[in-house]
Amino acid sequence: MSISKESIEPIEQCQEQVVHKEIVNQVYNHMPEDETLYDLADFFKVFGDCTRIKVLYALFESEMCVCDIADLLNMSQSAISHQLRVLKQSRLVKYRREGKTVYYSLNDHHIKTIFNQGLEHILE
């Protein structure tokens, strides 16, 4: 999606400089630590890749092995393994081994909730 300079609306700003200290202090006191916010930003970066979104969506429906996901998305097993590694490091997916096959699934129900909230927002 390309945005032209003409389509960018200016941000409205205050016409006079007044800091509402009471509000600023109240908000500041409720802000999480910077490290927590950095971790949250990193977490949301994981959702910034279309392939990872497709993998997560597939795992909403069923536990799957790398071969199955690669076939579904018409991608190489290597590419899918790379994306699953990122998702696993972010604790979005987990795996279990059955013989020589490794099956991946969502780590917990929160992932689908996060995904559905984002989907609901963009479809609104």
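Hi everyone, let's start on the surface: I23, V27 and M31 together make a nonpolar patch of about 280 Å². One of those three, I23, sits in helix α1, which covers residues 21–30. Please keep in mind that this is a predicted model.

Now to the aromatic rings. Rings count as a pair here if their centres lie within 6.5 Å, and by that rule we get seven aromatic pairs. Take F43 and F44 as an example: their ring centres are 5.4 Å apart and the planes meet at 75°. Anything over 60 degrees counts as edge-to-face, so that is the label for F43 and F44.

How exposed is F44? Its relative accessibility is 44%, so F44 counts as partly exposed; the range for that label runs between 20% and 50%. F44 also belongs to a cluster, in which ring pairs link F43, F44 and F47.

Let's move along to another pair, Y57 and F60. What is the geometry of these two rings? They are edge-to-face as well, with 5.8 Å from centre to centre and 65° between the planes. Both residues lie in helix α3, residues 50–61, and they are three residues apart, about one turn of the helix.

So, buried or exposed, where do these two partners fall? Y57 has 45% relative accessibility and therefore counts as partly exposed. F60 comes out at 12%, so F60 counts as buried, the cut-off for that being under 20%. In other words, this edge-to-face pair joins a partly exposed tyrosine, Y57, to a buried phenylalanine, F60.

That's my tour, thanks for listening!

Definitions and conventions. Residues are numbered from 1 along each chain as its sequence is written. This is a predicted model: local features need pLDDT of at least 70, side-chain atom pairs count only at pLDDT 80 or more; totals for chains, interfaces and linings use all residues. Side-chain values use heavy atoms; hydrogens and water are left out. Patches are made of residues with over 30% relative accessible area and no salt bridge: like charges are joined within 9 Å, nonpolar side chains (Val, Leu, Ile, Met, Phe, Trp, Tyr) within 5 Å. Accessible areas come from the Shrake-Rupley method with a 1.4 Å probe; for residues, only the protein chains shown count as cover. A salt bridge is a side-chain nitrogen of Lys or Arg within 4 Å of a carboxyl oxygen of Asp or Glu. Helices (H or I, at least four residues) and strands (E, at least two) are DSSP runs, numbered from the N terminus. Rings of Phe, Tyr and Trp (its six-membered ring) pair if their centres lie within 6.5 Å; planes under 30 degrees apart count as stacked, over 60 as edge-to-face and the rest as tilted. Buried means under 20% relative accessible area, exposed over 50%, partly exposed in between (1.4 Å probe, protein chains only).
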